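I opened the notebook with a plain aim: to look up what the coordinates show and to keep each entry short.

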Amino acid sequence: MVRNTHGVVEFAPLYIHSFNLFQPHKLLDAEKFNITYSDPAQLISTADKLRYYRYKKALRQIDVADYAGIDRSTYNSYENDERDLYPLEFMQKITQILDVKIEDILDDYNMFLYHGQGRKIKELRKSMKLTQYEFGKLHGVNRRTIERWENEKVQIFKSTWEKLFR
């Protein structure tokens, strides 16, 4: 900015500020969501918890996705209940940017996987005093699958987990 006062040219320094005008991307959606759910304890699904904490940090989906090293469409599926399994390596990065503990985000099924499905399945089977074969036969699963679950070679499907642990 330039100003001429009594024959003297004065210059005012120009400051350039860089900031995002508003976040999250759909501000009205964020406001509605946060009015509906003022306390994260009200939320059950991982998708809703992700959305809640992202809105609280005033982040866009692309911000979180970039930080976690995933595509925005993948992160979008995390927030839209389009999946049962939330990969732990990405969830750990996401919880870092949201500044929350992973236990505050994951649902019961994903916490089961996070805390070691193999040990929990083996504990259940042994508490029933069954071999892998007997346990599998009881639940319509072959012995090899039970062995692979217990050795954490394969993750148990959510529907099967619900039948065994709910």
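**Side-chain contacts.** I began with a charge over a ring, and I found the charged end of Lys93 placed over the ring of Tyr67, at 4.7 Å from the ring's centre. I then turned to aromatic rings, where a search through the whole structure returned six aromatic pairs. Which residues do ring pairs link into a cluster? I noted Tyr109, Phe112, Trp161 and Phe165 as the members of that cluster.

**Confidence.** I reminded myself that this is a predicted model, and I therefore looked up the confidence values, since predicted coordinates should not be read in detail where pLDDT is low. For the protein chain I recorded a mean pLDDT of 85, with 79% of the residues reaching 70 or more. Which element has the lowest mean pLDDT, and which the highest? I found the lowest value, 64, in helix α1, which covers residues 27-36, and the highest, 96, in α9. I also marked residues 19-24, over which pLDDT stays under 50 and for which the model has ten contacts beyond four places in sequence.

**Fold and surface.** I listed ten helices and two strands as the secondary structure of the protein chain, and I wrote down their order from the N terminus as β-β-α-α-α-α-α-α-α-α-α-α. I took contacts between residues at least 6 apart in sequence, and I saw that 51% of them join residues at least 24 apart. Of the 166 residues in the protein chain, I found that 37% are buried. For the accessible surface of the chain I noted about 11,000 Å², with carbon and sulfur atoms accounting for 51% of that area.

**Positive phi.** I next looked up backbone angles, and I stopped at Lys129, which is not a glycine and yet has a positive phi, near 55°. Where does Lys129 lie? I placed Lys129 in the loop that runs between α7 (117-127) and α8 (132-139). I asked whether Lys129 is buried or exposed, and I entered Lys129 as exposed because its relative accessible area is 72%, against a cut-off of over 50%.

I made a second entry of this kind for Glu152, a residue other than glycine whose phi is positive at about 55°. I located Glu152 in the loop between α9 (143-150) and α10 (158-165). Glu152 has a relative accessibility of 46%, so I entered Glu152 as partly exposed.

Notes: Residues numbered from 1 in each chain as written. Predicted model: local features only at pLDDT ≥ 70, side-chain atom pairs only at ≥ 80, totals over all residues. Heavy atoms only, no water. Helix = DSSP H or I, 4+ residues; strand = E, 2+ residues; numbered from the N terminus. Buried < 20%, exposed > 50% of the residue type's maximum accessible area, 1.4 Å probe, protein only. Contact = heavy atoms within 4.5 Å. Areas by Shrake-Rupley, 256 points an atom, 1.4 Å probe, with all protein chains shown as cover. pLDDT = per-residue confidence, 0-100. Phe/Tyr/Trp six-rings, centres within 6.5 Å; stacked < 30°, edge-to-face > 60°. Lys NZ or Arg CZ within 6 Å of the ring centre and 35° of its normal.
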